[in-house]
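Me: I would like to learn how to read a protein structure feature by feature. Could you take me through this one slowly?

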Amino acid sequence: RQEREANGFASELLMPEALVRALASDRARAYAMTGDALVDRVANEMMVSRAAMRLRFAVLGIDQAS
């Protein structure tokens, strides 16, 4: 349980919801990005792993297809 809480805290600290949503929306619109390309772009810009960003997108309910 403590590890899950620590992971959640780290995720929110490194990938704040408002910033992830703003970047995902902007990059999807500006570069017509979806799917893995969108995840990769946002992950690179935030300097986190693709796996971490994929999970953050899922937790936040960000649709990678839109």
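The dialogue below goes from the overall fold to the salt bridges and then to the surface.

Me: Before anything else, what kind of model is this?

Reply: This is a predicted model, and the values we discuss are computed from it.

Me: How many helices and strands are there in the protein, and in what order do the elements run?

Reply: The protein has four helices and zero strands, so that, read from the N terminus on, the order of its elements is α-α-α-α.

Me: How does the radius of gyration of the protein agree with that of a compact globule?

Reply: For 66 residues, a compact globule would have a radius of gyration near 11 Å, and the protein, with 12 Å, agrees with that expectation. Taken along the principal axes, the box filled by the C-alpha atoms is roughly 40 × 20 × 20 Å.

Me: What share of the residues is buried, and what share of the contacts joins residues at least 24 apart?

Reply: Of the 66 residues, 29% are buried, a word used here for a relative accessible area under 20%. If one takes the contacts between residues at least 6 apart in sequence, 54% of them join residues at least 24 apart. One pair separated along the chain is L55 and S11, which are 44 residues apart in sequence, while their C-alpha atoms are 9.4 Å apart in space.

Me: What is the idea behind a salt bridge, and how many does the count give here?

Reply: The general idea is that side chains of opposite charge can pair when their charged atoms come close. In this structure the count comes to six salt bridges. One of them joins R21 and E17, with the closest N and O atoms 2.9 Å apart; both residues lie in helix α2 (residues 17-31), where a spacing of four residues is about one turn of the helix. R21 is partly exposed, with a relative accessible area of 35%, and E17 is partly exposed as well, at 39%.

Me: Which residue pairs with E45, and how are the two placed in their helix?

Reply: E45 forms a salt bridge with R41, and the closest N and O atoms are 2.7 Å apart. Because they are four residues apart in helix α3, about one helical turn separates E45 from R41. E45 counts as partly exposed at 33% relative accessibility, and R41 is partly exposed at 27%. Both also belong to a network of salt bridges that links D26, R27, R41 and E45.

Me: Which helices hold R50 and D40?

Reply: R50 and D40 form a salt bridge whose closest N and O atoms are 3.1 Å apart. R50 lies in helix α4 and D40 in helix α3 (residues 35-46), so this pair ties together parts that are ten residues apart in sequence. R50 is partly exposed at 47% relative accessibility, and D40 is partly exposed at 23%.

Me: Turning to the surface, which residues make the nonpolar patch?

Reply: The accessible surface of the protein is about 4,500 Å², and 54% of it belongs to carbon and sulfur atoms. F9, L13 and L14 make a nonpolar surface patch of about 360 Å². L13 has its place in helix α1 (residues 2-14) and is exposed, with a relative accessible area of 60%.

Me: Is L55 buried or exposed?

Reply: L55, found in helix α4 (residues 50-60), counts as exposed because its relative accessibility is 56%, and the cut-off for that word is over 50%.

How values were computed: Residues numbered from 1 in each chain as written. Predicted model: local features only at pLDDT ≥ 70, side-chain atom pairs only at ≥ 80, totals over all residues. Heavy atoms only, no water. Patch = residues over 30% accessible without salt bridge, like charges linked within 9 Å, V, L, I, M, F, W, Y side chains within 5 Å. Areas by Shrake-Rupley, 256 points an atom, 1.4 Å probe, with all protein chains shown as cover. Salt bridge = Lys/Arg side-chain N within 4 Å of Asp/Glu carboxyl O. Buried < 20%, exposed > 50% of the residue type's maximum accessible area, 1.4 Å probe, protein only. Rg over C-alpha atoms; globule rule 2.2 N^0.38 Å. Contact = heavy atoms within 4.5 Å.
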